[in-house]
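Trainee: I should like to learn how to read the features of a protein model in order. Could we work through one together?

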Amino acid sequence: LSPYGPRGRRFHVGLDLIQTRGGGDPILASRDGVVEEARVRRGYGKTVLLRHPDGWFTRYAHGRKLNVREGQRVARGDVLGW
């Protein structure tokens, strides 16, 4: 939906992916991890920040509804939200 790189006068440092244009698709954990953050963030909307065992993080943003809470352990494929 939105690639990495220049976006107008700003640089977009992520990839925005969706399954269907209307939204509402499940947001699945890409890997096992612990939910560091599950809240509304300015510029991101409903957001989940997942910390993986190797120290890397994955941010899932622009959600409609969250299905996890901070501190929760999740496995690859678990539904984080929609």
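**Reading the model**

Mentor: Asp-54 counts as partly exposed, at 45% relative accessibility. Partly exposed lies between buried, under 20% relative accessible area, and exposed, over 50% (1.4 Å probe, protein chains only). This is a predicted model, in which local features need pLDDT of at least 70 and side-chain atom pairs count only at pLDDT 80 or more, while totals for chains, interfaces and linings use all residues. Residues are numbered from 1 along each chain as its sequence is written, and side-chain values use heavy atoms, with hydrogens and water left out.

Trainee: With which residue does Asp-54 form a salt bridge?

Mentor: Side chains of opposite charge can pair when their charged atoms come close. The partner of Asp-54 is Arg-31, with 2.8 Å between the closest N and O atoms. A salt bridge here requires a side-chain nitrogen of Lys or Arg within 4 Å of a carboxyl oxygen of Asp or Glu. The pair links distant parts of the chain, 23 residues apart: Asp-54 lies in the loop between strand E5 (45-51) and strand E6 (57-63), and Arg-31 in the loop between strand E3 (27-28) and strand E4 (33-41). Arg-31 is also partly exposed, its relative accessible area being 35%.

Trainee: How many salt bridges does the structure hold, and which residues are joined into one network?

Mentor: The structure holds four salt bridges. In one of them, Arg-39 meets Glu-37 with the closest N and O atoms 3.5 Å apart. Glu-37 also forms a salt bridge with Arg-41, at 3.3 Å from N to O. Salt bridges with shared partners thus join Glu-37, Arg-39 and Arg-41 into one network. Glu-37 is buried, with a relative accessible area of 11%. Arg-39, at 38%, is partly exposed, and Arg-41, at 24%, is partly exposed too.

Trainee: Let us turn to the fold. How many helices and strands does the protein have?

Mentor: There are zero helices and eight strands, and the elements run β-β-β-β-β-β-β-β from the N terminus on. These are DSSP runs numbered from the N terminus, a helix being H or I with at least four residues and a strand being E with at least two.

Trainee: In what order do the four strands of the open sheet lie?

Mentor: Strands of a sheet pair through backbone hydrogen bonds, either parallel or antiparallel. Here the order is E6-E5-E4-E7, with antiparallel pairing. E6 and strand E7 (73-74) are the edge strands, each pairing on one side only. Two strands count as paired if DSSP finds at least two bridges between them.

Trainee: Which residues stand opposite one another in E5 and E6?

Mentor: E5 and E6 pair in the antiparallel sense over five bridges. Among the partners, Val-48 faces Tyr-60, Leu-49 faces Arg-59 and Arg-51 faces Phe-57. The two strands form a hairpin with five residues between them, and Gly-55 in its turn has a positive phi of about 95°.

Trainee: Over how many bridges do E4 and E5 pair?

Mentor: E4 and E5 pair over seven bridges, again in the antiparallel sense. Arg-41, a member of the salt-bridge network, stands opposite Gly-45 in E5. This hairpin has three residues between its strands, and Gly-43 takes a positive phi near 90°.

Trainee: Where does the charged end of Arg-59 sit?

Mentor: The charged end of Arg-59 sits over the ring of Tyr-44, 4.7 Å from the ring centre. The criterion is NZ of Lys or CZ of Arg within 6 Å of the ring centre and within 35 degrees of the ring normal.

Trainee: What share of the residues is buried?

Mentor: Buried residues account for 28% of the 82 residues. The accessible surface comes to about 6,100 Å², with 50% belonging to carbon and sulfur atoms; the areas come from the Shrake-Rupley method with a 1.4 Å probe, and for residues only the protein chains shown count as cover.
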